[in-house]
Amino acid sequence: MTQLVLGQVLNGAIVGSMYGIIALGITLTFGITGIVNFALGEFMMIGAYATFALAERGGLPYPVAVVPAACIAAAAGYLCNKAFFRFTRGNLVNGLLVSIGLISVFESAVLWYWSATPIEMHYVLPGAIRLGDVTLPKMKLLVFAVIVVVIVLTYVGLARTWLGRASFAYAQNAEAATLMGVHTERLVTAVMLYSTGLAGLGGALYASLYSLEPALGGVYVLKGMEAAILGGIGSLMGSLWGGVILGVIEAVGSIFLPTAFRDAYGLVVLVAILLFRPSGLFGDET
Amino acid sequence: MKRMPTLLGILAAIIVLAAAPAFAQDVVKIGQIEAQTGPNAIYGWMSSQGTALAVDEINKAGGFKVGGKTYKLQLVALDTRGEPKEASVQLKRLVEVDGAKYIFGPFLSNVFLAVRPYAGEFNGKILMWGGATRIHDYVGTPGHDFLMRTWNWDAGPNGFGELMVDQLVKQGVKKIALLYQNDQGGKVMEDIYIAMFKKKGIEARLDYFEPGTKDFSTVLAKIAAWKPDYLFPGYADSYIYDIVRQATETGQLKKFFLVRGSLGPGLKNKDALDEYMVYVPKYFEEAEKKDPKVQKFIKAYKDFYKRDFPYDQAPLCSSSCYDHVYMLVEAMKKAGTVDDPAAVKKALMGMTYEGMWTLRFDERGEEIFNFDVVRLKKGGALEVTHINPK
């Protein structure tokens, strides 16, 4: 039993890191632009399908296909920002409605072109690594490592660079940031590009692990939202930890309770934590 | 003279309108409600492909004669995407707007349960041919004369599932783990197989997963800790691909037993598994080499759709598909009518159709046909057993 639990703690952490990358996009977008972008899951889906198209149809090696796939998702994010989101800043409800509308648009487009029948990529890195009695697929470990590196680099980038400080300044007081020379329009565009690109990267990594279908983004954006709230909206490392904790709760909960309800276990713990820490585990209490 | 074009136009319109009912009478409409796309589309997609092909062949051959009149077929195939609500609206359209008396499908139990009450209102006026497992509970019962099931039943002396479980018993299998999706299809399989395994002395455990699940690591680890001889995963390829991959990648579970789904997930993971035993209505790769009817079908498919033949999906054409269109036409000829589904059903019940499969119906209206059981071994070696139910 110990080995089973240990194995699922590790597996849950890996699966949870996928929630974390979406949570990071959510927390960045909301923290800096004030938009709750429920459509981030769709940018993840775009990244996943783009990876499939580039690797399976275009013949690109998987590691090469990941970068343009994330860029395609970011480009879609850029267009959505220019066409819709820039008109919804400062209006939470309108932003929410636009993002929900985009879910339908993107899902329908993919449904039309690819159909809803799941598709699967070739195995990028088959096989598993044994750590004692615990066995973990190599590809999952690689995905976990990539996500952790990306989140840490994002944290460092925001904490140590002028752009990062400008972002925090804008999030705290947009008017003051503008007066201090921050080019707010460019900043917001950069945040949208980066968060949708991150979601696209998440999708590209997802494609190497699971079969793809148009509705995949819906599940992950909800998990990402849970992870972001659990970690504390606005906390970059909190989004990673939120995702990991959520993944571990789901995995370990499913050992002792029916797997058919695994989605509920994370939600129950989330509600319980929010009762005591309304701003999340790593959120600012002030 | 200036009025001449107008008069000619009116005349042409009158001719077209007068002729329209005559044309309409010469067409027999077949409606189809199947999931052509979606996670559970494995069944409906191939059915819709085969039906369209047969309709095209029959029409190109000049149609068929009933009572001295030549008829052509018109197929109205709608994609339910596996959504019961969507299917209900589509069936209403097929029956009330298109006037289709012959309905092919559904293959999914959740869809069937949703459309059954509405279809029942047209008892005796329509004929519904579906492969859904839940149809077994209703076919041949009062108020369900409209229903025929186009799939072998799992249990009983002719049951393909029972025969496969008997093979497990012969191997000395003691424990089997069932991993089903938490939906109507999963529940119906629980009803059939838990009792069957118990009767045969095989210990079974059942785990459900939420539809939409992609990561099965936890439940597979739980199952592996129980040390079953075989894993019996769900009924839809969309999940079976992920399950077989994740189970074999970690080496936790290497033997699979399936009564639904295709050979595809096994073939994709053939080097990592020990055995993949699956019910396949026909193993086309082998049948193509021996059976001219299968060769003709494969060639016609490639010519019609201008793409490769889907060997892994093609076995699903055993239900509400290619052969059934021809069988329906033969039944109409035998009954001497295209407008009376009750008479056509009576003709169907008394006939055996020799197509790619040998098709006939039992006294309840449930189909019995020959099928194959394929055992895929590590590395890709195959062993095919042909079964001809009595």
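**Note on helix 5, the chain contact and the nonpolar cores**

1. In chain B, helix 5 has buried residues that pack against helix 6 (184-199) and against three strands of the same chain B: strand 11 (275-280), strand 15 (371-377) and strand 16 (382-387). The model under discussion is a predicted one.

2. The buried positions of this helix, which spans residues 160-170 of chain B, are B:Phe160, B:Leu163, B:Met164 and B:Val165. After helix 5 of chain B comes B:Gly172, a residue with a positive phi near 85°.

3. As to the meeting of the two chains, 26 residues of chain B are in contact with 27 residues of chain A. On the chain B side, two or more residues are given by each of helix 2 (41-60), strand 8 (203-209), helix 7 (217-226) and helix 8 (237-249). Helix 7 of chain B supplies the largest share of that side, 6 residues. By character, the residues of chain B that touch chain A comprise 9 nonpolar, 9 polar and 8 charged.

4. The largest nonpolar core holds 118 residues, and the members touching the most others are B:Ile103, B:Leu179, B:Leu231 and B:Phe256. For B:Ile103, once neighbours within four places in sequence are set aside, the contacts are B:Gly31, B:Ile33, B:Leu91, B:Leu94, B:Ile126, B:Met128 and B:Trp129.

5. There is also a second core, separate from the one above, with 86 residues. Among its members are A:Ala55, A:Val191, A:Leu216 and A:Val248.

Methods. Residues are numbered from 1 along each chain as its sequence is written. Chains are lettered from A and ligands numbered from 1 in the order in which they are written. This is a predicted model: local features need pLDDT of at least 70, side-chain atom pairs count only at pLDDT 80 or more; totals for chains, interfaces and linings use all residues. A residue is buried if 20 or more other C-beta atoms lie within 10 Å of its own, exposed if 12 or fewer, and partly exposed in between; C-beta atoms are placed from the backbone. Helices (H or I, at least four residues) and strands (E, at least two) are DSSP runs, numbered from the N terminus. Two residues are in contact if their C-beta atoms, placed from the backbone, lie within 7 Å. Ala, Val, Leu, Ile, Met, Phe, Trp, Tyr, Cys and Pro count as nonpolar, Asp, Glu, Lys and Arg as charged, and the others, Gly among them, as polar. A nonpolar core is a set of buried Ala, Val, Leu, Ile, Met, Phe, Trp, Tyr and Cys residues joined through C-beta atoms within 7 Å.
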